[in-house]
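Here are my notes on this model, written as numbered points. Please keep the structure open beside you and follow along.

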Amino acid sequence: MPAPPRAPATRRVQLLPDAVADQIAAGEVVERPASVVKELVENSLDAGARHVRVEIENGGKTSIGVSDDGAGMGRDDAVLALDRHATSKLHVLADLVGIATFGFRGEALPAIASVSRFTLQTADEAGEGTEIGVTGGRVERVAPCARQRGTTVHVRGLFFNVPARRKFLRSASSETRACHDAMVTLALAHPEAGFEFHADQVCRFQVPAGQTLSERLRALWGRELSDTLLPLAFAAGAFRLSGFVQRPADARPTGRRTQLFVNGRPFRDAFLVRAAEAGYRSAIAPGDRPSMLLRLEVQPGEVDVNVHPAKLEVRFRDRIGLERTVEDAVRHALGGLEASAALGAGPAAEFPRPMAEPAAEAIDLFAADEGGHAAPPALAGDPLAGVPLMQVFDTYIVYPAEQGVVIVDQHSAHERVLFETAMRELTGQGSAAQRLLMPETVDLTDEERDAVEAHGEQLSRVGFEVEAFGGRSVVVHAVPSPRARFDALACFRELVADLARGRFGGWANRLERFAATYACRAAVKAGDRLSEREMRELLARLFTCELPPHDVHGRSTIVQLPLEELERRFGRR
Ligand SMILES: Nc1ncnc2c1ncn2[C@@H]1O[C@H](COP(=O)(O)OP(=O)(O)OP(=O)(O)O)[C@@H](O)[C@H]1O
Ligand SMILES: [Mg+2]
């Protein structure tokens, strides 16, 4: 073993000069122009600005300017603000719990000033303005200046004195994009404030003060995407959630947007996004990635915001509880009938509630044909009693509702109903099957035989009683009866073929995969003529489902033609 090196006689531990300490801090706080934009705009919002204007040049590498009409600073405060750990927002550590401002460290301004040519102009309501010039962390000028209440910061030549970092900056267009994204996030965090973003003298966006969140979303995420979003509002335990989630049928595998806020503060958290996606279970095609904006309100002690140098991440005390709440909240938002798709302009109407008053007497849901399937949750009265129903193209059920015309895809709707029924059977008691008078022998391929064996338990729970019968054949003794005129054996063959081929392969949960395959095969098909009674029963059962508006492939079961759209088309409004 070599001897440890001897400590030299001279002292090796030394305090870093302030300028070096600031540059090191800058490395954590300021990574690229977008971080400067973020820190400066956050300061403006903390100062109560009603309007924030940001201009960048060359992706922010040449210059970044941020002006606000916030509270501004007096001369002494302005000088002090450039000192490390000078902050007006936090006095004792306990203040950090529940802090409502973006800033609390007193690091951003000195960090930025230490790696740029920095000027600050500011005036508070007392009047006289102050201008301060700093180069690479050295204060070079403090002078009076004329300006209205508010603050303007200019950052030129970012990292001019740290060539190693400057080298790591990306192209102007990708730095511009990062600044743009940072601005969008802050503008969504504060819809009540107005924002302007200019890059290379071109206005990239401008949003007025006093907007609602959905107006702001429309302006920043675009009308097309915004029209596919459903409102979300949910509370459980220590958590309250609000925001928007995308309708499953409109989600795509690429190009989604996600935005999370906790107590008004933007943060990133892939696990929470995944928890939200879990709420889409059985309503979305595998691989589709829904857009979402979620605002969490939590008790101050529930979240620690001081765990990431650029405050991009936070830590939650009850992570599991939060993830569960997020999943439940999304499911709740998707389950409402207002989650159904609309034809034409604008978001879907409230709810495709039928025109007539609900009748008082209970109805007999599928009782005769049910073969003992688990009863759906009790329904007080038939919401469609007295409402005329029409089947068109032997495929869609159409009826008038308060808000417009409702169109239901009979196959998708029945698929949703059977999926939820099958899940109850698979995880609960199972279903009473209908014994066949004459057991049927079915010949299968090797793969199908294996599939029957692998899914024997599930098959029997939904009502198929199957027995092996030498070689590739099986004998079917009993079958489910999910509807009138159900061809159980045809369904069995299709189901087993699907299982052998691994249909719904993208689904993670084995029981759900089985239930979806069964539902798809057992449901009425497009082209099946339905009696009026069958239509009524199908709709009544659909409306007692957990997620009525979505089928198991990520498509809509219900489409509305809003009255408003009709009136618009016919020039009545
Ligand atoms: N645009 C502004 N308007 C008014 N006061 C400002 C503005 N920008 C900064 N200040 C003042 O300067 C102080 C220092 O700002 P700085 O961003 O360095 O720290 P902070 O915001 O307190 O904390 P953090 O480092 O977490 O951002 C702030 O606490 C605030 O009092
Ligand atoms: Mg700050």
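1. Start with the hairpin made by β17 and β18. Three residues lie between the two strands. One residue in the turn, F393, has a positive phi of about 55 degrees. Bear in mind that this is a predicted model, so every value in these notes is computed.

2. How many bridges join β17 to β18? There are three, and the strands run antiparallel. β17 covers residues 390-392, and β18 covers residues 396-401. To find one bridge in the structure, look at Q391: its partner in β18 is I397.

3. Now follow β18 to its other hairpin partner, β19. Here two residues sit between the strands. Six bridges join β18 to β19, which spans residues 404-409. This pairing is antiparallel as well. I397 turns up again: its bridge partner in β19 is V408. I397 is therefore a good residue to click on, as it is bridged to Q391 and to V408.4. Next, look at the open sheet of three strands. Its order is β20-β22-β21, and the pairing is antiparallel. Why do β20 (434-443) and β21 (465-468) each have one side without a neighbour in the sheet? Both stand at the edges, so each has a single partner strand. From one strand to the next, the twist averages 20 degrees.

5. Zoom in on one pairing in that sheet. β21 and β22 (residues 473-479) are joined by four bridges. The two strands run antiparallel. A468 is a handy marker, with V474 as its bridge partner in β22.

6. Move to the largest pocket. It holds about 890 Å³ of space. Its lining has 34 residues. D181, A182, T185, R268 and L312 lie nearest the centre. By type, the lining divides into 16 nonpolar, six polar and 12 charged residues.

7. Which element gives the most to the lining of the largest pocket? The answer is α6, with seven residues. Several elements supply at least two residues each, including α1 (18-29), α7 (213-221) and β11 (258-262).

8. Compare the second largest pocket. About 630 Å³ of space lies in it. The lining has 32 residues, and N43, M73, A81, S88 and K89 lie nearest the centre. Elements giving two or more residues are α2, β2 (63-68), α3, α4 and β6 (150-156). The largest share, six residues, comes from α2. The lining divides into 14 nonpolar, nine polar and nine charged residues.

9. Finish with a single residue, R84. Where is R84 placed? Its place is in the loop between α3 (75-81) and α4 (108-113). R84 has a relative accessible area of 32%, so it counts as partly exposed. Leaving aside neighbours within four places in sequence, R84 is in contact with A21, D22, A25, G106, E107 and P110. The C-alpha atoms of R84 and R105 are separated by 8.6 Å, with the two residues 21 apart along the chain.

Conventions:
Residues are numbered from 1 along each chain as its sequence is written. Chains are lettered from A and ligands numbered from 1 in the order in which they are written. This is a predicted model: local features need pLDDT of at least 70, side-chain atom pairs count only at pLDDT 80 or more; totals for chains, interfaces and linings use all residues. Side-chain values use heavy atoms; hydrogens and water are left out. Buried means under 20% relative accessible area, exposed over 50%, partly exposed in between (1.4 Å probe, protein chains only). Contact means heavy atoms within 4.5 Å. Two strands pair if DSSP finds at least two bridges between them. Axes are lines fitted to C-alpha atoms, for helices over the stretch in contact, and angles run from 0 to 180 degrees between N-to-C directions. On a 1 Å grid over the protein atoms alone, a cavity is a set of points where a 1.4 Å probe fits but cannot get out, and a pocket is an open set with protein on both sides within 12 Å along at least five of seven lines; lining residues have an atom within 4 Å of a point. Grid points are joined across faces, edges and corners, and a volume is the space filled by probe spheres set on the points. Ala, Val, Leu, Ile, Met, Phe, Trp, Tyr, Cys and Pro count as nonpolar, Asp, Glu, Lys and Arg as charged, and the others, Gly among them, as polar.
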